[in-house]
Amino acid sequence: MSLSKCSILLVDDDPTVLRILQMYLNADEYEVNSAEDGLAAWEQINQRCPDILITDWNMPRMDGLELLRRVQQAKLPHFVYSILLTARNSSEDIATGLEAGSNDYVSKPVSPVELKARLRAAQRIVQLERNLRQLSESDSLTGAMNRRTFHTQLTREWSRAERFESDLSVVVLDVDFFKKVNDEHGHHAGDMVLVAVANLLRECCRPSDYVCRFGGEEFVVLLTQTDEAGAATWADRFRLRLAQTLVFSGEKTLQITASFGVAQKLEDTPDPDKLIDQADQGLLVAKRTGRNRVIRYSQLNDPMLDPFGNAELEDHPLARIPARDVMTTLVMCLNQHDSIMQAVELVLQLRIASVPVVDDDGKLVGIVSEKDIMLLDVGLDGWRKTVGDIMVTNVVAYDEQTPAKEIFEFLCRVSIRRVVVVRGGQPVGIISRDSFLRWFSNWIQANKTIDSFDADTDGGRRPLRSMEATISTLMRQSQYLLDQLQTTESVEDVVPYVVGGATCMQDLVNDLLGHCQQVFQP
């Protein structure tokens, strides 16, 4: 740091002394401001805090000693090195000035050579203090703010936003598959990735924004005067730039992505920590739903109904239940080399909307849904594809030991309907919203917490009435198919009618068999 980058505030009630000192310092290209007394200097310090304060002792309104005491006691943005100008040369006077807060003194009349020498000494102290402050306030690897400093700034901006009723948003981002970078390319490559992310964040942020390395591969950005929509737009632009950025570590070239959660301070947001927590919830959903995406907290506010939502955490029925006790056990999975026709047959056989896909080692590699199959070209080329050609690889999977309540809360927040349960990377079950509905129903019935489950208002004929309704519908469907066949003149139109009618009747027959199981079960 050169001397010219040290800002100096001169304080003296003698205009002649001020002009002489300014002439000395301007010749060395210092950044110099002046004040005619201590009170005017104190107002300037609060508006723009200098690095070095040079003040006279005897002044009207507020003398130099009082000014030094205020500077020493105030919570200023940074350390201010103080030099006291005085014609008093006794040991007692010098001691009084030092005790008031002065770091050095210069006797009047001022010697230009002595003043410049003492300023160079002051600059060394200011530079050392800056270095120490930088070390205490920032992350040593990336140079971004550390958590303690960020929370201080967040609290300050929170108060400012409340006072001026302005917007405030937080973006939490996490580098995707960072552990894989460390494992495959070494920790030095991982460090280069973190430095690249931090540098790009600073480049994309405004001077009024704050960048923090929150821990590990997670960063937090505070965007002032920005609502959630604006923060999400910023996050998506940054996401695209990051995906296009190449990180060089020795001879290795890495391309990385990140997942983002965004939240805005609202009237009912209780405190800064809750704001970060809300953005972190968005980040969790972004990671669980495929990574390399931005999720706004407001998108998570359409929860699935929890019949035990008012229960204490430890009293919630799912609090100690693992995923394996809620999941629908998988009977079969698709292999990535299976044909589309095999996928169709399995979906129809199992009567499920999606089927996990495994590799030759039985490890989960994707999932195929009815929708994926329906989007295929109806021509032969589409049906000649393999399952691996159309499967979705971004699968949301949980280990079978995962608490079921964690999965329930996740499904409450997202639009996806089901997740895969794995054991050692191999799929063993599916948990959907229907799974929880069935589990809740069985739990209530088993604990007899709702009287209606015990009431037998129809004499046990409910399954029989369901069978009657199903048979009546089956008869109507058969008659409709017969009518269509009798009135269709074109032979080519017969096959679609038969296929459609048979499909509807096949589902009805399966339902009829299911009702029979209810009637005859012990």
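**The enclosed cavity**

Across the whole of this predicted model, a search finds one cavity of 30 Å³ or more. The space in this largest cavity amounts to about 50 Å³. Two elements, β4 (81–86) and α4 (91–100), each give two or more residues to its lining. The largest share, four residues, comes from α4.

The residues that line the largest cavity are Trp57, Leu84, Thr86, Arg88, Asp93, Ile94, Gly97, Leu98, Ser102 and Tyr105. By class, five residues of this lining are nonpolar, three are polar and two are charged.

**The largest pocket**

The largest pocket holds about 770 Å³ of space. Its lining comprises 25 residues, of which Glu137, Met145, Thr149, Gln153 and Tyr210 are the closest to the centre of the pocket. At least two lining residues are supplied by each of α5 (112–137), α6 (147–164) and β7 (210–215). The element that gives the most is α6, with seven residues.

In chemical character, the lining of the largest pocket divides into 11 charged, seven polar and seven nonpolar residues.

**Helix α8**

Helix α8 covers residues 187–204, and its 18 residues should span 26 Å at 1.5 Å a residue. The C-alpha atoms at the two ends of α8 are 26 Å apart, which agrees with that expectation.

Which residues of α8 are buried? They are Ala189, Gly190, Val193, Leu194, Val195, Val197, Ala198, Leu200 and Leu201. A general point of helix geometry bears on reading this list. An α-helix has 3.6 residues a turn, so residues three or four places apart point the same way.

**The β9–β10 hairpin**

Strands β9 (residues 246–249) and β10 (residues 252–255) run antiparallel and are joined by four bridges. Together they form a hairpin with two residues between the strands. Ser249 of β9 has Lys252 in β10 as its bridge partner. In the turn, Gly250 has a positive phi of about 65 degrees.

How are the side chains of β9 arranged along the strand? They alternate: Val247 and Ser249 point to one face and are buried, whereas Leu246 and Phe248 point to the other face and are not buried. In a regular strand, side chains alternate between the two faces of the sheet. Ser249 thus appears in two roles, as a buried residue of β9 and as the bridge partner of Lys252.

Key. Residues numbered from 1 in each chain as written. Predicted model: local features only at pLDDT ≥ 70, side-chain atom pairs only at ≥ 80, totals over all residues. Heavy atoms only, no water. Expected span 1.5 Å × (residues − 1). Buried < 20%, exposed > 50% of the residue type's maximum accessible area, 1.4 Å probe, protein only. 1 Å grid on protein atoms, 1.4 Å probe; cavity = no way out; pocket = protein on both sides within 12 Å on 5 of 7 lines; lining within 4 Å. Points joined across faces, edges and corners; volume = space filled by probe spheres on them. Nonpolar A, V, L, I, M, F, W, Y, C, P; charged D, E, K, R; others polar. Pairing = 2+ DSSP bridges.
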